[in-house]
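Me: I am new to this structure and would like to learn how to read it. Could we go through it feature by feature?

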Amino acid sequence: MVPKRLLYIINNNLCTRCGACVGICPHECLFLDKNNFPSQQNPCPIECNFCLKVCPGLEVNFSKLTRQVFEKKFDVTNPMGEFKKILVGHSTNKTVRENASSGGLITQLLVYLFENNKTDGAIVTIADPNNLGKAKPMLATSKSEILEATQSKYVICPVNQVIRTIRKAKGKFAFVGLPCHVHSIRKLMAIDRKFSEKISLIVGLYCHMTLETDAPVDMLEISKVSLSDIKQLEFRSGKWPGGIVVTMKDGSLKKMHKGHIKDAFNILHRLYYPKRCLYCIDGSNEFADISVADPWMKNQNGQYPFHKGSSLVVVRTDVGKKFLDLAQKGGALFLEEISIESFLDLNLLMMKKKRKMAFVRIEKLRNKKQPFPQYHTLLKITNRDRFNEILSSIELILGKTEFTRKLGLRIALSPIGSLIKKIGDIQKRRKRGL
Ligand SMILES: Cc1cc2nc3c(=O)[nH]c(=O)nc-3n(C[C@H](O)[C@H](O)[C@H](O)COP(=O)(O)OP(=O)(O)OC[C@H]3O[C@@H](n4cnc5c(N)ncnc54)[C@H](O)[C@@H]3O)c2cc1C
């Protein structure tokens with residue numbers, strides 16, 4: 001059994017599976033089921049409702065959080081959120097840079113802060129050693145643990161179940177999370193001063209969306225790779241931007257798809273989208289101290305200027321700026337400022353589209369009198385947006401059942417899929433006039 005209100009959130013696809021309700025429960029009544037939804041193990045003795053107060057699935061008050069973090073007014077038309085400057089940079093350690101998702105900025109920053117006693121550890125996400133393709137959170141309190149967590153894991157991960165561990169631990173910790181994780185951490189910081197004092201820095205990842213955890217497992221099954229022969233699965237292996245690669249027990253490497261991670265993600269997110277991600281309006285992790293992404297901008301020749309592996313950083317708060325300055329002065333990070341104009345490309349497109357589509361979908365739920373996430377803000381949407389959302393929903397049709405999503409994946413990974421992709425690439429290049 002699950003408390004009635006939590007059940008309402010789960011049954012109406014409002015649960016982000018961030019894990020905060022499990023982490024906050026003072027009586028340890030909740031646990032996560034195999035799909036990372038909360039479930040009850042002990043009866044709730046006092047109904048304190050802390051689980052609901054920190055839940056980012058049902059409600060995130062964007063105006064309130066903007067006031068809390070930036071002391072400013074929220075502007076729904078700006079999906080970038082508040083920021084001081086935009087930088088592109090990377091770790092000055094070659095191994096960290098090469099092993100990471102983008103430029104290893106997050107991993108190097110955490111290592112620097114830890115080694116220089118600016119933080120006692122970091123909340124990070126590691127590959128689950130017992131469940132291939134899944135991820136789990138960890139309170140890293142050593143350099144080797146921070147290094148182990150490098151790279152993005154593009155699957156649902158209930159990071160905020162570590163709230164319980166943080167509350168019990170002594171010290172101050174950096175937190176790394178997706179927008180839904182950060183929403184809930186900020187909500188908790190607003191009501192719990194003691195917890196707030198334990199968070200030294202919030203590093204937010206940009207997030208188009210995450211994936212259901214069966215995505216990598218289905219990829220392996222379709223490629224006829226036996227789980228028992230695999231040592232490790234990485235989402236961002238190889239030269240930037242990398243791709244999904246498994247390391248077999250005999251040491252050989254096997255790439256799971258054609259092209260790079262974006263090509264794989266373009267297929268996977270249409271088939272393995274968690275329903276709640278479709279209603280999320282935060283692509284740039286607006287309430288983090290710094291938000292980190294891939295620099296997907298292209299130059300006039302249609303090439304990526306930062307192809308050697310760099311991270312894009314949006315510096316939002318004084319805390320974020322202070323720690324980045326320290327790591328740069330300490331020689332751990334190479335950073336250069338870029339203009340907002342050079343940034344107004346693919347990254348901004350993702351954020352704008354994500355927000356618009358989410359508001360159209362919310363409008364649909366409201367019209368049908370169905371429950372929807374409350375953001376306490378509204379974006380003006382046009383008929384063109386509504387039409388684009390219809391097109392985007394058509395793309396998501398195969399993802400509706402387990403059978404059709406596997407079928408879609410099978411086609412995408414076959415020679416027919418490669419041909420469709422080639423045609424798409426030619427059309428895109430034509431559009432850009434290349
Ligand atoms: C689900 C997801 C969606 C993303 N979507 C986009 C996008 O649309 N556009 C874009 O430009 N960038 C996106 N990113 C961010 C991008 O993939 C890189 O994580 C980012 O550029 C940081 O690179 P880095 O080399 O500095 O980080 P690294 O040094 O590789 O460190 C990565 C850090 O992220 C943490 N982490 C990894 N996976 C998760 C997770 N699932 N939940 C919480 N923390 C995690 C790790 O603990 C580690 O500390 C996404 C990341 C994720 C996990």
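Me: How many bridges join strand 11 to strand 12, and do these strands run parallel or antiparallel?

Reply: Keep in mind that this is a predicted model. Strand pairing is read from the bridges. Strand 11 and strand 12 (residues 311-315) run antiparallel and are joined by four bridges. To see one position in this pairing, look at isoleucine 290, which stands opposite valine 315 in strand 12.

Me: Which strand pairs with strand 11 in the parallel sense?

Reply: Strand 7 (residues 199-205) does, over three bridges. In that pairing leucine 205 stands opposite valine 292 of strand 11. Strand 7 also pairs in the parallel sense with strand 6, over five bridges. There the partner of phenylalanine 175 is isoleucine 202 in strand 7.

Me: How do I read the two faces of a strand, and which residues of strand 11 lie on each side?

Reply: In a regular strand, side chains alternate between the two faces of the sheet. In strand 11 (residues 290-293), Ile290 and Val292 are on one side, while Ser291 and Ala293 are on the other. Those four residues are all buried, and both faces of the strand are covered. As for strand 7, six of its seven residues are buried.

Me: How many residues are in the largest nonpolar core, and which have the most contacts inside it?

Reply: This core has 106 residues, and Leu109, Ala122, Val203 and Val292 have the most contacts inside it. Helix 6 (residues 105-115) gives the core its largest share, eight residues. For a view of one core member, take alanine 122. Beyond its neighbours within four places in sequence, alanine 122 is in contact with Leu110, Phe114, Ala140, Ile146, Phe173, Ala174 and Val176.

Me: Is helix 6 mostly covered or mostly exposed?

Reply: Helix 6 is mostly covered, with 10 of its 11 residues buried. Among the buried ones are Leu105, Thr107, Gln108, Leu109, Tyr112 and Phe114. Just after this helix, asparagine 117 takes a positive phi of about 55°.

Me: How many residues surround the ligand, and which are the closest?

Reply: A ligand's surroundings can be read as a shell of residues. Here 34 residues surround the ligand, with Ala100, Thr107, Val124, His208 and Ala293 the closest. The elements giving two or more residues to this shell are helix 6, strand 4 (121-127), strand 6 (173-177), strand 11 and helix 15 (346-367). Helix 6 supplies the largest share, three residues. By type, the shell divides into 18 nonpolar, 14 polar and two charged residues.

Me: Why does proline 179 count as buried?

Reply: Burial is judged by counting C-beta neighbours, and the cut-off for a buried residue is 20 or more within 10 Å. Proline 179 counts as buried because it has 27 such neighbours inside 10 Å. This proline is found in helix 9 (residues 179-191). Not counting residues up to four places away in sequence, proline 179 touches Gly204, Cys207, Cys280, Asp282 and Asn285.

Me: Which residues outside helix 6 and its end should I look at for a positive phi?

Reply: Two cases are asparagine 49, with phi near 65°, and lysine 224, with phi of about 55°. Neither asparagine 49 nor lysine 224 is a glycine. Asparagine 49 is in the loop between strand 2 (38-40) and helix 3 (50-53), and it counts as partly exposed because it has 13 C-beta neighbours inside 10 Å. Lysine 224 is in the loop between helix 11 (214-222) and strand 8. With 6 C-beta neighbours inside 10 Å, lysine 224 therefore counts as exposed.

Me: Is the peptide bond from tryptophan 240 to proline 241 cis or trans?

Reply: The omega angle settles this. The bond is cis, with omega near 0°. Proline 241 lies in the loop between strand 8 (230-237) and strand 9 (243-248).

Me: Which domains does the assignment give for the protein chain?

Reply: The assignment gives domain 1 (4-53), domain 2 (62-212 + 275-346) and domain 3 (356-431). The centres of domain 2 and domain 3, taken over C-alpha atoms, are separated by 26 Å. Between these two, nine residues of domain 2 are in contact with 11 residues of domain 3. The side of domain 2 that touches domain 3 divides into seven nonpolar, two polar and no charged residues.

Definitions and conventions:
Residues numbered from 1 in each chain as written. Predicted model: local features only at pLDDT ≥ 70, side-chain atom pairs only at ≥ 80, totals over all residues. Core = buried A, V, L, I, M, F, W, Y, C linked by C-beta atoms within 7 Å. Buried ≥ 20, exposed ≤ 12 C-beta atoms within 10 Å, placed from the backbone. Contact = placed C-beta atoms within 7 Å. Pairing = 2+ DSSP bridges. Near = placed C-beta within 6 Å. Nonpolar A, V, L, I, M, F, W, Y, C, P; charged D, E, K, R; others polar. Domains from an automatic or database assignment.
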